[in-house]
Amino acid sequence: MSEKKESVWQGFKAFLMRGNVVDLAVAVVIGAAFTNIVNAVVKGVINPLVGAFGTKNLDSYSSCLKGPCEGTGDAATGVRILWGSVLGATLQFVITAAVVYFLMVLPMAKYLARVEERRKAREGTKELIEVTELEVLKEIRDELVSQRGAGRGEA
């Protein structure tokens with residue numbers, strides 16, 4: 001029974017030590033920190049820009065589905081659709097996705113493409129050298145065969 005517990009524990013340890021799990025944990029921590037930056041940009045830049053045309057807080061934008069819509073919070077009456085908060089969340093998502101794509105995904109894809117190009121170039125050079133050596137060896141063999149044949153004909 002203790003062998004089974006050890007193997008389960010060892011398996012769990014191996015699972016935690018895999019690169020994918022550690023990378024995922026790092027990504028979650030960085031993502032959480034990055035969320036604060038995006039929230040600050042939305043509150044400090046986007047909301048004031050929207051405020052130039054209406055109210056500064058996107059959450060205050062709503063439409064009345066069934067009236068009368070009066071009051072705020074628990075004292076509110078009617079049925080409201082709070083489309084402003086959906087718009088704010090959508091803006092945060094789009095900004096986050098754009099920053100992640102342009103600052104992380106796109107540069108990494110370009111870097112990996114360059115690395116792959118260099119690797120293929122090195123492999124192409126190796127193949128060219130190997131083919132050239134093979135051709136040279138074939139020529140040497142053919143020359144030796146022809147010399148051997150010419151030597152037998154003269155004797």
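Start your tour by selecting Glu116, which is partly exposed, with a relative accessible area of 30%. Keep in mind as you look around that this is a predicted model.

Now add Arg119 to the selection. Its side chain forms a salt bridge with Glu116, and the closest N and O atoms sit 2.3 Å apart. Why might two such side chains meet? Side chains of opposite charge can pair when their charged atoms come close. Both Glu116 and Arg119 belong to helix α3, and they are three residues apart, about one turn of the helix. Arg119 is partly exposed too, at a relative accessible area of 32%.

How many salt bridges does the count come to? The count is two, so let's visit the other pair, keeping to the rule that the nitrogen and carboxyl oxygen lie within 4 Å. Select Arg141 and Asp142: their side chains meet at 3.1 Å, N to O. Arg141 counts as partly exposed, with 48% relative accessibility, and Asp142 is partly exposed as well, at 43%.

**Zoom out for a moment**

Switch to a cartoon view. You should find three helices and two strands. Walk along the sequence and the order reads α-α-β-β-α. Try colouring by confidence next: the mean pLDDT of the protein is 78, and 85% of the residues reach 70 or more. Where is confidence lowest, and where is it highest? Helix α1 (residues 2-17) is at the bottom with a mean of 73, while α3 is at the top with 82.

Then turn on the surface. The protein has about 12,900 Å² of accessible surface, and 65% of that belongs to carbon and sulfur atoms. Buried residues make up 5% of the 155 residues. As for contacts between residues at least 6 apart in sequence, 32% of them join residues at least 24 apart.

**On to the rings**

A search of the whole structure turns up two aromatic pairs. For one of them, select Trp9 and Phe12: the ring centres are 6.0 Å apart and the planes make an angle of 40 degrees, so this pair is tilted. You'll find both residues in helix α1, three residues apart, about one turn of the helix. Is Trp9 buried or exposed? With 53% relative accessibility, Trp9 counts as exposed, whereas Phe12, at 41%, counts as partly exposed.

Next, jump to Tyr101 and Phe102. This aromatic pair is edge-to-face, with 5.1 Å from centre to centre and 80 degrees between the planes. Tyr101 is partly exposed at 39% relative accessibility, and Phe102 is exposed with a relative accessible area of 52%.

**Last stop: a nonpolar patch**

Leave Tyr101 and Phe102 selected, and add Val22, Val26, Ile30, Leu103, Met104 and Val105. Together these residues form a nonpolar patch on the surface, with about 760 Å² of accessible area. Which helix gives the most to this patch? That's α3, with five residues. Both α2 (19-51) and α3 (83-154) supply at least two residues each.

Finish by clicking on Ile30, which lies in helix α2. With 47% relative accessibility, Ile30 counts as partly exposed.

How values were computed
Residues numbered from 1 in each chain as written. Heavy atoms only, no water. Patch = residues over 30% accessible without salt bridge, like charges linked within 9 Å, V, L, I, M, F, W, Y side chains within 5 Å. Areas by Shrake-Rupley, 256 points an atom, 1.4 Å probe, with all protein chains shown as cover. Helix = DSSP H or I, 4+ residues; strand = E, 2+ residues; numbered from the N terminus. Buried < 20%, exposed > 50% of the residue type's maximum accessible area, 1.4 Å probe, protein only. pLDDT = per-residue confidence, 0-100. Contact = heavy atoms within 4.5 Å. Phe/Tyr/Trp six-rings, centres within 6.5 Å; stacked < 30°, edge-to-face > 60°.
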